[in-house]
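Student: I am new to this structure and would be grateful for a close look at one part of it, namely the pairing of aromatic side chains. Please then set that part in its wider surroundings.

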Amino acid sequence: HEDPPNRMKPLEEVLVVPAIPGRDIILETPSQDECKVKNPQQQLDEFKTWKNTLDFTSQFTMPLVKDSLGDIEAFQSGIRSAILPWKHHYIRLKGCGNNYDRFPIRKATEANFDEAVEIRGCCFEFTAMRELYFTQKIASLLHKSLGWQCGNEPLGLFRYENDENSPFPQISRCCALFFTRGEKRLGDHLLLGLEKLLPLLIEKCDLGGVFPPKRYMDGEILSTDMMVICEGEFGSPINLWDCAEIRESTQNLRSELNFSSDLGSGEEWNLLLETIDKGIEWVRETKGRGKHAICGSLIAYVYFHLGFQVGATHRLFKENGISWGTYSDQLATMHCNAHPNNFVVLSAEESSNNQWIAPLDFDMAYDWDSFVGDEEAFKSNSNTEKQALKTALCGMDINSGAKPMDLKSPLKPLLVGLRDTLICGFEAKDDAPYCEELRKPVHALFRLALLMTLTDIA
């Protein structure tokens, strides 16, 4: 690490760039002794990773940038990134152009002075280095502590050359490269997709007696985010884990869903729905087993586990003195990278050890060891980060990284109850009861949910 420079003065307070409250990451070449690995399996794993890296860099010797006439086909990822299929991997190129406009200069709308501008479509060298470093650090912690994976695996970075006509030529435009395990996001794709499916999936739902009287205001159920913000004033979030008042069926899914044949044959859709049916039936059969029952419904099982996985990830960060990127900068702008859209949904093949979602996006992350500030400020940022992540899970639109839930739905009691269940899972300290019989039905349900938000950009 090295102390962050004052990035504003040399640019005459015109260009706005991120100012993370942590010392910058710098590269050092390790000695041969430091490169020695005692564990043969670790050595083998590292060799496989670096062999893939070398193969990739030998094939792509020039920095790649988005171009509508380009020869290489990749998938869009947000506005400034792309996903490139390569061999049996997918490469995330974060910062390879603002759509097809390369790296335009635009007015910095969040700045409090009129002349302020920002460069769009790229990473900067100091943010790319930070993300590569913290992605590796967090991946190691996840694997060691939980047996889980990170959403990305760091590869390196591209540096784009600035020509003499480039605005701010002293600022390096970069693209961070990763092997990636997913693209669809927990918030805008999976949770909103599941909520679009609910009217077709839920056959019967009577939650009239589930919410306590103080949860109502003017005849309306208070939303989960209000529960979190008011911290117990209206009671605690309810947990639908063992609620027997939810009855699911795929009958309406079969009759109402009409997906394009491009997305799969009729036989494939039938198999998907049959798999969900088996999960629903298995849950139904276990309801009468008392303490041995796994849960009251498949959908409650899914929401509780998703909340648990988000909470376990956040606790791991906090226990190891890591912030996802929560701080107030010199322009009094509050940043927070802890939100549901910074978890990607893992495929059935990538999913293991009860993990369905994986975290990513650490270009603003910092830790206590590198924090520029005092202990009180670090703790305050950490508490803000937890509260922001919980309220975003509730469906509250508190930052541009997540869309709010639809509270005008006739299924509002169930929607609120499921978001409550997410928070109950988030706060659960012990492992959530996991059932191997539900693994395939859960991923089948995820696939349907992601198809419901197929064209949505997070």
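Tutor: F343 is a buried residue: its relative accessible area is 0%, which falls under the 20% limit for that class. The model is a predicted one, and this value, like the others below, is computed from it.

F343 belongs to strand β16, which covers residues 343-345. Its partner comes from elsewhere in the chain. In total, the structure contains 17 aromatic pairs. One of them joins W324 and F343, with 5.3 Å between the ring centres and 70° between the ring planes. Because an angle over 60 degrees counts as edge-to-face, this pair is placed in that class. W324 sits in the loop that runs between β13 (322-323) and β14 (327-328). The two residues are 19 apart in the chain, and their pair is one that links distant parts of it. W324 is also buried, again with a relative accessible area of 0%.

A second pair, W368 with F378, is edge-to-face as well: the centres are 5.4 Å apart and the planes meet at 70°. Here W368 lies in the loop between β18 (366-367) and α9 (375-393), while F378 is part of helix α9 itself. This pair likewise links distant parts of the chain, its members being 10 residues apart. In exposure the two partners do not fall in one class. W368 is partly exposed, with a relative accessible area of 38%, whereas F378 is buried at 12%. The reason for that division lies in the cut-off: buried means under 20%, so F378 qualifies, and a value between 20% and 50% is called partly exposed, so W368 receives that label.

Aromatic residues also gather in a larger group than a pair. W241, Y301, F304, W356 and F446 make up one aromatic cluster.

We may turn next to the packing of helices. Helix α3 (residues 125-146) and helix α8 (residues 298-319) have axes that come within 11 Å and cross at roughly 110°. That angle is why α3 is described as roughly perpendicular to α8. The crossing of these two helices is right-handed. On the α3 side, I138, L141, L142, S145 and L146 make the contact; on the α8 side, A312, L316 and F317 do so. Sorted by class, the residues of this contact are seven nonpolar and one polar, with no charged residue.

The backbone offers a further detail. Most residues other than glycine have a negative phi. N99, however, has a positive phi near 50°, and R102 has a positive phi of about 55° although it is not a glycine. N99 is located in the loop between β3 (89-94) and β4 (105-107), and R102 also lies in the loop between β3 and β4. N99 is partly exposed, with a relative accessible area of 33%; R102 is partly exposed too, at 44%.

Finally, the wider setting. The protein has 11 helices and 18 strands. Of its 458 residues, 50% count as buried, and W324 and F343 are among the buried ones. When contacts between residues at least 6 apart in sequence are considered, 73% join residues at least 24 apart.

Conventions:
Residues are numbered from 1 along each chain as its sequence is written. This is a predicted model: local features need pLDDT of at least 70, side-chain atom pairs count only at pLDDT 80 or more; totals for chains, interfaces and linings use all residues. Side-chain values use heavy atoms; hydrogens and water are left out. Axes are lines fitted to C-alpha atoms, for helices over the stretch in contact, and angles run from 0 to 180 degrees between N-to-C directions. Helices (H or I, at least four residues) and strands (E, at least two) are DSSP runs, numbered from the N terminus. Angles under 35 degrees count as roughly parallel, over 145 as roughly antiparallel, 65 to 115 as roughly perpendicular and the rest as oblique. A crossing is left-handed if the near helix is turned anticlockwise from the far one by less than a right angle, and right-handed if clockwise. Contact means heavy atoms within 4.5 Å. Ala, Val, Leu, Ile, Met, Phe, Trp, Tyr, Cys and Pro count as nonpolar, Asp, Glu, Lys and Arg as charged, and the others, Gly among them, as polar. Buried means under 20% relative accessible area, exposed over 50%, partly exposed in between (1.4 Å probe, protein chains only). Rings of Phe, Tyr and Trp (its six-membered ring) pair if their centres lie within 6.5 Å; planes under 30 degrees apart count as stacked, over 60 as edge-to-face and the rest as tilted.
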